[in-house]
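Visitor: I would like a close look at a single part of this model. Please take one long helix and work outward from there.

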Amino acid sequence: MDKTILIVEDQDDLRLLVRLSLKSLGRILLASSAAQGLELVRAERPDLVTLDVWLGKGDSGLDVCRAIKSDPATAHVKVLLLSACGQQSDVEAGLEAGADHYMIKPFSPQSLGEAAAALLAAA
Amino acid sequence: MLASPLHPEEAHRLQVLRDLNILDTAPEERFDRITRMAARLFEVPVALVSLIDADRQWFKSRLGVPFAETTRADSFCTHTILQDGVMVVEDATCDPRFVDSPYVTVAGARFYAGYPLTAPDGSRIGTICVLDREPRALDDAGRELLRDLAGMVTNEIAAAELRRVHARRSENDAWLYGLLQHIPDGVLMLDRGGSVICGNPAAEHMFGSDTGGLAGRLACALLGEDAALLLDPQHDSEAPPQEGGGHRLDGSTFPIEVKVAPMCMDGQQRYAVIVRDVTRQHELTLRSRATEERRRKHFTTATHELRTPMASILGFSELLLKRDFDADTNRELLDIIHRQASRLVDLINQMLDLARIEAGGTEGLNIGTVNVTELVEQTLSGLNGLGQNHRIHTELEADLPPIAADPLKMQQALTNIVSNAIKYSSEGTRIDISTAALHRNAKLMVAIRVADRGIGMTPEQQARIFDAFYRAGDSQGVQGSGLGMTIFKEIIELHGGHADIESRPGAGTAVTVWLPALPDHG
């Protein structure tokens, strides 16, 4: 069965980069804001969400992650945080929010693809 | 002639004599009256109060002698201070000690009777003596009389010393009183139960009390319970100061540092307390913590901002290297890489610029007299490349006073606000730049106003406009580092100016820069 991946990223260029990195792994959905992302998670029940942490306009990917993981209907959805915040405390905060994986920008598209594939295999 | 012997405790004796501060002082009636009495009672031409210094005898009071001092070597009195009681020389020409003395051979002295004078500690400091040109004897009544006169002189010396000690003590008291009145730290004296006995004006001021208003109050009510725990007779007064909260009489609190020293006064347990109001130090600590926090946040944000374009550059170049795309996609990805690399360079340049301006402070400015009209015109000619100058309308007041400014930095600041006006308003809309000289808070200021009819800002966005890397709204389509307004504010403030911002979403934004005019203009 084809897997569904939702990419939540407010920067156009990076949304394209993640899409190109992951397109071979399944169906791709795109969101550019926290609200749009959550809406799509609830409607489409993707297998994996890649989530930017700073979503602009003060929105936080960590809040989106918590919302996904605290809702029993979506708690099983794998979350991969992608962030330019690279300190140990940022990574810990991401994992505490329930993320399954934390990747620091800049990242290698190949590594992102491998990490996403591993999460999808476990989904 | 025989050499004059020295007193066994000569050094101490001399010290005591000098400490009395009597040598070489003016004649005093209270001593002269005694020598006059001695001369009359003994019917002699010479009576002296003689003080024996290291190498002279100096006369505090003298009758019948024309000089104030003589050498000590041949003197009678040097011998007198070596013995108890009266020393009598009935006929000096028959005494081998004095037969060759110039007092005898030149001055013609034959008879001498002297009695040692003692300082309050018993040291022999000199004599009272009488001399005659005829040999004679001294009976017991005469000896007693001389002893009594010596007692009177000794009393006078002791009384003078007493007066001097007393004067010194009141001088000390005045000094201490003045010190306590003016010392900026609060000083309290507490009784054994921790009640205030007295406090200095600084303590009264600190706790908001009238003069004397602290007396009787409990230390724990003023200094807090923690500080009251220091009131222990065994407390180590060398211990570091205890921090706590002070309570003013009006109920308000303030941070204090307290040091306590247990003491004993007239057999009573007391505590000396120093209280220091550390409000200012606390504020400084808080401010430096806030600065530290701001720096940390700035660093985190800067890192984030640098990593974002790097993610595009690294990611897309890897994709281009590893995958095959059609020509259009190849071109699109290269375009993104190029755009993000330019952004990265722009960011780094702006960050370095901000860091340089912050680090240089006012010393980094190259201040000169700047004509504001020329400044605006140079700024606009620098922005020509954006191809938007046709939208800009200027209304520059003639004969503006000049300002003291670094022309290049000021041009950079203006460029940042004018380019924002261009970037955040649509093609074809008008941008107005006007200048004026106006009084603000009684100071002549030059105002430069840049107003656009662009997207404007909400009050929340306005509040953050000077934050580093903050970019208003959905600004993805707008080029920029997010540091322009931070650099602008830094430059304006270094020049002693400030900026006002008026903005409404959809209506546009106006930034007014206020800079002090040079005072000697016109």
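Guide: What follows starts with one helix of chain B and then moves to its surroundings.

This is a predicted model. The part to look at is helix α8 of chain B, residues 279-322. Start with its length. At 1.5 Å a residue, the 44 residues of α8(B) should span 64 Å. The C-alpha atoms at its two ends are 63 Å apart, so the expected and the modelled span agree. The helix does bend. The angle is about 25°, and the place is Met310(B).

Next, burial. Which residues of α8(B) are buried? They are Glu305(B), Thr308(B), Pro309(B), Ala311(B), Ser312(B), Gly315(B), Phe316(B) and Leu319(B). Look at the spacing in that list with one rule in mind. An α-helix has 3.6 residues a turn, so residues three or four places apart point the same way.

What do the buried residues of α8(B) pack against? Two of the partners belong to chain A: α1 (12-22) and α5 (109-122). The other is α9 (327-360) of chain B. This helix therefore leads straight to the other chain, since its buried residues pack against elements of both.

Now the contact between the chains. 16 residues of chain A are in contact with 17 residues of chain B. On the side of chain A that touches chain B, α1 and α5 of chain A each supply at least two residues. α1(A) gives the most, with 5 residues. By class, that side of chain A divides into 9 nonpolar, 4 polar and 3 charged residues.

Step across to chain A as a whole. Its secondary structure comes to 5 helices and 5 strands. From the N terminus on, the order is β-α-β-α-β-α-β-α-β-α. Buried residues make up 46% of its 123 residues. Of the contacts in chain A with a separation of 6 or more, 57% are between residues 24 or more positions apart. Here is one pair from that chain. Ala67(A) and Gly98(A) are 31 residues apart in sequence, with their C-alpha atoms 9.6 Å apart in space. Ala67(A) sits in helix α3 (residues 61-70) of chain A. Ala67(A) is partly exposed, because 17 other C-beta atoms lie within 10 Å.

Two backbone details of chain A deserve a check. Most residues other than glycine have a negative phi, and most peptide bonds are trans. The peptide bond from Lys105(A) to Pro106(A) is cis, with omega near 0°. Pro106(A) is in the loop between β5 (101-104) and α5 of chain A. That α5 is one of the helices against which the buried residues of α8(B) pack. The other detail is Arg45(A), where phi is near 45°, a positive value in a residue other than glycine. Arg45(A) lies in the loop between α2 (34-44) and β3 (48-52) of chain A. With 13 C-beta neighbours inside 10 Å, Arg45(A) counts as partly exposed.

Back to chain B. Its secondary structure comes to 13 helices and 18 strands. Of its 522 residues, 32% are buried. Among its contacts between residues at least 6 apart in sequence, 59% join residues at least 24 apart.

Chain B also holds a helix pair to set beside α8(B). The axes of α2 (residues 29-42) and α5 (residues 140-182) of chain B come within 10 Å and cross at roughly 175°. An angle over 145 degrees counts as roughly antiparallel, so α2(B) and α5(B) are roughly antiparallel to each other. On the α2(B) side, the contact includes Phe31(B), Ile34(B) and Leu41(B). On the α5(B) side, Leu145(B), Leu149(B) and Met152(B) are among the residues involved. By class, this contact has 10 nonpolar, 1 polar and 2 charged residues.

Two loop residues of chain B finish the tour. Asp121(B) is in the loop between β5 (111-118) and β6 (124-132) of chain B. Asp121(B) is exposed, with 11 other C-beta atoms within 10 Å. The C-alpha atoms of Asp121(B) and Ala158(B) are separated by 9.6 Å, and the two residues are 37 apart along the chain. Ala442(B) is in the loop between β15 (431-440) and β16 (443-451) of chain B. Its phi is positive, about 65°, although Ala442(B) is not a glycine. With 5 C-beta neighbours inside 10 Å, Ala442(B) counts as exposed.

Terms used. Residues numbered from 1 in each chain as written. Chains lettered and ligands numbered in written order. Predicted model: local features only at pLDDT ≥ 70, side-chain atom pairs only at ≥ 80, totals over all residues. Helix = DSSP H or I, 4+ residues; strand = E, 2+ residues; numbered from the N terminus. Expected span 1.5 Å × (residues − 1). Bend = angle between axes of the 7 residues up to and from the residue. Buried ≥ 20, exposed ≤ 12 C-beta atoms within 10 Å, placed from the backbone. Contact = placed C-beta atoms within 7 Å. Nonpolar A, V, L, I, M, F, W, Y, C, P; charged D, E, K, R; others polar. Axes fitted to C-alpha atoms, helices over the stretch in contact; angles between N-to-C directions. Parallel < 35°, antiparallel > 145°, perpendicular 65-115°, else oblique.
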